[in-house]
2 protein chains.
Amino acid sequence: MALRESIVRGELYPGYRLLVLEIANELGISQAPVREALERLKQEGLIISRHNKGSIVAEIKQEEIEEIYALRELIEWDAVRKSIRLLDEKDFGHLTAIYDGMASAAKKDDLFRFIDLDMDFHGYFFAKSGNQTILHLWQQIAVKLKRFQAITNKIYYPDLLSIAEGHAPLIEVLRTGDEEKIRQLFIQHMKEVWWRMNKDAEGRMRDT
Amino acid sequence: MALRESIVRGELYPGYRLLVLEIANELGISQAPVREALERLKQEGLIISRHNKGSIVAEIKQEEIEEIYALRELIEWDAVRKSIRLLDEKDFGHLTAIYDGMASAAKKDDLFRFIDLDMDFHGYFFAKSGNQTILHLWQQIAVKLKRFQAITNKIYYPDLLSIAEGHAPLIEVLRTGDEEKIRQLFIQHMKEVWWRMNKDAEGRMRDT
DNA sequence: ATCGATAAAATTATCGATAATCCTATCGAT
DNA sequence: ATCGATAGGATTATCGATAATTTTATCGAT
């Protein structure tokens, strides 16, 4: 659905009113499917709708991202830990391919592709560790993180390449299999990105 | 919505076909609101719908509950830990009231009320610890746990009272504030309930 | 001029109906 | 008898329109 893309990419600013009939006409379809789509977006937390008052694009507050990161810390290390023993050469190949893609996207300043790949990288461990419920949770989280990153990085691009390169040591240490070292690096990686995001976000959320 | 209740209580068995027109006529309303409701239930994982093939009540597999418990372990202790310092006498009053309610429901064999209160008890810490995102996650989880318990305990009632009484020491130890003891007791409590549920579930999932 | 009440416009939620799709039973060919 | 094709029925997805509600604009009273 194209609506979601627009919201996640930050093209539709928070508070924007989503008029059912307008969207329907725009897409050349009827109201029913539009309402369905809005219902889904509402469940995902991308829009907010109050009875008889229609839907608006949800805000995305710093506060909420902090909460999400608290949750992420709880579940991501667990997923990585459970993956370690399961990773074979094929997996390392995939991870490396994602890393290469990130580096390439960074060089082209293709922010959206970069973010998608970043999420794919981390999502890989959730998929590998085999807990469908937690994987699904991660996918929900990832949408919001994507959106936040897209919005905060939209005006001023930070050094994407250095973020991309931060993933190389992760792959490297995963090969060695030393659990404690892996843990340290992943936690550090998460905190680093979080810190950078925080910094970038300051004073920039207002303009969105 | 009454549909959700019926599913969670296990009155609508897995695989049951939800016909839009039938439900609409039954409730004396049109298709549109029914479809909306189904969309919500789909997002919650209570029903499954495939394109052009309508909706059926979702199965609830042992496997999925195991996944949920793995997730629960990751987040619940964290919530409790963060709550400890925040609990005052009013909170202990609430928790004790919930406990009393559970004991009373157990004596009356009111399974549904019992389950609701059990979830309220554990949800209390998620609410108290202040992370809205994780609280929301817990609420989603709680719905599925309720449903599983309702279905597995429907035919043969285990000893509800002893489960209720398992909560008293939890309140007790929370008052002392010894983090390590609290942790041990909560983890133990969770594993105990999980084990009991597992046992009860055996051979009984087939009849649903 | 400001405020509240009222009317007009806009928008949502709901409705009943149509078109598209899927399922089932019947029939005919091998 | 078995299999595939086909027609009929059932059900979903979509549609355009109506009813209910909210928002905006207008007007008159203070």
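## Exercises: two chains on two DNA strands

In this predicted model, β1 (17-18) of chain A and α3 (31-43) of chain B each supply at least two residues of the surface near DNA strand C.

**Exercise 1.** Describe the surface near DNA strand C by element, residue and class.

*Solution.*
- Step 1: start with the elements. α3(B) gives the most to this surface, with four residues.
- Step 2: list the nearest residues. Among the 15 residues around DNA strand C, those that come nearest are A:Arg35, A:Asn52, B:Ser30, B:Gln31 and B:Asn52.
- Step 3: sort by class. The surface near DNA strand C has six nonpolar, five polar and four charged residues.

**Exercise 2.** Determine which part of DNA strand C faces the protein, and name polar contacts to it.

*Solution.*
- Step 1: take the atoms of DNA strand C within 4 Å of the protein. Sugar or phosphate holds 81% of them, and bases hold the rest.
- Step 2: look for phosphate partners. A backbone N or O atom of B:Ser30 is 2.7 Å from a phosphate oxygen of DNA strand C, and a backbone N or O atom of A:Val20 is 3.5 Å from a phosphate oxygen of that strand.
- Step 3: look for a sugar partner. In the side chain of B:Asn52, an N or O atom lies 3.0 Å from a sugar or linking oxygen of DNA strand C.

**Exercise 3.** Carry out the analysis for DNA strand D, including a contact to a base.

*Solution.*
- Step 1: of the 15 residues around DNA strand D, the nearest are A:Ser30, A:Gln31, A:Lys53, B:Arg35 and B:Asn52. Of the atoms of DNA strand D within 4 Å of the protein, 82% belong to sugar and phosphate.
- Step 2: a phosphate oxygen of DNA strand D lies 2.8 Å from a backbone N or O atom of A:Ser30. Another backbone contact involves B:Val20, with an N or O atom 3.4 Å from a phosphate oxygen of DNA strand D.
- Step 3: the base contact is made by A:Gln31, with a side-chain N or O atom 3.1 Å from a base nitrogen of DNA strand D.
- Step 4: two or more residues of the surface near DNA strand D come from each of α3 (31-43) of chain A and β1 (17-18) of chain B. α3(A) gives the most, four residues.

**Exercise 4.** State how chains A and B are related, and which residue of chain A comes closest to the axis.

*Solution.*
- Step 1: chain A superposes on chain B by a rotation of 180° with 0.0 Å of shift along the axis, at an RMSD of 0.1 Å. This is the relation of a two-fold axis.
- Step 2: in chain A, A:Leu74 comes closest to the rotation axis, its C-alpha at 3.1 Å.
- Step 3: the copies meet through the same surface, because 100% of the interface residues of chain A are also interface residues in chain B.

Definitions and conventions:
Residues are numbered from 1 along each chain as its sequence is written. Chains are lettered from A and ligands numbered from 1 in the order in which they are written. This is a predicted model: local features need pLDDT of at least 70, side-chain atom pairs count only at pLDDT 80 or more; totals for chains, interfaces and linings use all residues. Side-chain values use heavy atoms; hydrogens and water are left out. Copies are superposed by least squares on the C-alpha atoms of residues with pLDDT of at least 70 in both. Contact means heavy atoms within 4.5 Å. A residue is near a molecule or strand if one of its heavy atoms lies within 4 Å of it. A polar contact is a pair of N or O atoms within 3.5 Å; within protein, one must be able to donate a hydrogen and the other to accept it, and residues adjacent in sequence count only if both atoms are side-chain atoms. Ala, Val, Leu, Ile, Met, Phe, Trp, Tyr, Cys and Pro count as nonpolar, Asp, Glu, Lys and Arg as charged, and the others, Gly among them, as polar.
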